[in-house]
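Student: Could we go through this structure together? I would like to work from helix packing outwards.

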Amino acid sequence: MTQTAGDGATDLDAAVVRGAEAIGGHVAAARAAIGQVIFGQEQVVDHALLTILCGGHALLVGVPGLAKTKLVEALGTVLGLDARRVQFTPDLMPSDILGSEVLEEDEHGRRSFRFLSGPVFAQLLMADEINRASPRTQSALLQAMQEYHVTVAGHRHDLPRPFHVLATQNPLEQEGTYPLPEAQLDRFLMQIDVGYPDREAERRILLATTGADEARPKAAMTSDDLLAAQRLVRRLPVGESVVDAILDLVRSARPETAEKSVASRIAWGPGPRASQSLMLAVRARALLDGRFAPSIDDVAALAEPILKHRMALTFSARADGDTLDGVVAKLVERLG
């Protein structure tokens, strides 16, 4: 019996549904496991999970003491990933994170170089206070994030898969820091703002972290499960209305194609990478919520973390008290 094109599409849709049902259970279990140790940061946890499901990297912005480090540790345990942390400082060199070659001599007197891998050779890397490192070290890490390999002494060394970077920034203290250039910010799929927990969540934090026994996260997935989930995200169908909403939103945030009332307030806007990030993120959000296809509501919900670090306001807009959050919110309202 000959299979028609329609039959092939039906089989593909059925395979996607079966995969979404199986992997969705793993993802839901991972979300719940992280919620057992991270309190009052549900949106932050969701956005971090979405970033990893998309195969991307995230920039976490928040003051110290809001469980950013603990979140990365919990993600590593729950997702079955090899997680490491690097505290960035102005004197940190590229070789401190990438690795270096050392000269060794064997018992016969023969000398040879051996590569000692740095902490970047992890599946989940926390780059703590990335804006404290020099531009040279920042660019070395950002290049590894983009190309998934490093080159030392002319030799290429592939990074493990999956590979994700969750970098942090302190928004308050800017003395002695090196702000990331716009082109490097664009390599982060999301900017995740980490705020203070509410009163009830802070009560839970007090009770859970100051007693004799502290809750520990438990593994809910393996790295192979995560890779399967990342492949599935790229196979989830996206309706034309959602694609149009993504294009409308991103293009409306560029001064060249925005409405006049908005264009005069935007210095520069997001490029095509923002559209690609939104396309992946809305699929991942649907999977996280147990749905088989994203909606326009997903586009609206993810507009701010995906667009905000890819835009800048004009001086006059900032002088008038405009914020990027407010501008993005206005653009989302017009999706209607």
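**Helix packing and a hairpin**

Tutor: Start here: helices α12 and α14 cross in the right-handed sense. The contact brings A300, A303, E304 and L307 of α12 against D325, V328 and V332 of α14. Bear in mind that this is a predicted model.

Student: At roughly what angle do the axes of α12 and α14 cross?

Tutor: Take α12 as residues 296–307 and α14 as residues 324–333. Their axes come within 10 Å. The crossing angle is roughly 145°.

Student: Are α11 and α12 parallel, antiparallel, perpendicular or oblique to each other?

Tutor: The axes of α11 and α12 come within 9 Å and cross at roughly 130°. That angle makes the pair oblique.

Student: Which residues of α12 does α11 meet?

Tutor: The crossing of α11 and α12 is right-handed. From α11, the residues involved are A274, S277, L278, A281, V282, R285 and A286. Their partners in α12 are D297, D298, V299, A301, L302, I306 and L307.

Student: What span should α11 have, at 1.5 Å a residue?

Tutor: Helix α11 covers residues 272–288, which is 17 residues. Its end C-alpha atoms lie 24 Å apart, in agreement with the expected span. That expected span is 24 Å.

Student: How many residues of α11 are buried?

Tutor: The helix is mostly covered. Among the buried residues are A274, L278, R283 and L288. Of the 17 residues, the buried number 12.

Student: Is S275 buried or exposed?

Tutor: S275 sits in helix α11. Buried means under 20% relative accessible area. S275 has 14% relative accessibility, so it counts as buried.

Student: Which residues does S275 contact, leaving aside its neighbours within four places in sequence?

Tutor: Set those sequence neighbours aside. The contacts of S275 are then I246, V250 and R254.

Student: Which residue follows α11 with a positive phi?

Tutor: Look just past the helix. The phi there is near 80°. The residue is G290.

Student: How many bridges join β3 to β4?

Tutor: Strand β3 spans residues 99–105 and strand β4 spans residues 111–117. The two run antiparallel. The bridges between them number seven.

Student: Which residue in β4 stands opposite E105?

Tutor: E105 falls within β3, residues 99–105. Its opposite in β4 is R111.

Student: Which residue in the hairpin of β3 and β4 takes a positive phi?

Tutor: Five residues lie between the strands of this hairpin. The positive phi is near 85°. It belongs to G109.

Technical notes: Residues are numbered from 1 along each chain as its sequence is written. This is a predicted model: local features need pLDDT of at least 70, side-chain atom pairs count only at pLDDT 80 or more; totals for chains, interfaces and linings use all residues. Side-chain values use heavy atoms; hydrogens and water are left out. Helices (H or I, at least four residues) and strands (E, at least two) are DSSP runs, numbered from the N terminus. The expected span of a helix is 1.5 Å times one less than its number of residues. Buried means under 20% relative accessible area, exposed over 50%, partly exposed in between (1.4 Å probe, protein chains only). Two strands pair if DSSP finds at least two bridges between them. Axes are lines fitted to C-alpha atoms, for helices over the stretch in contact, and angles run from 0 to 180 degrees between N-to-C directions. Angles under 35 degrees count as roughly parallel, over 145 as roughly antiparallel, 65 to 115 as roughly perpendicular and the rest as oblique. A crossing is left-handed if the near helix is turned anticlockwise from the far one by less than a right angle, and right-handed if clockwise. Contact means heavy atoms within 4.5 Å.
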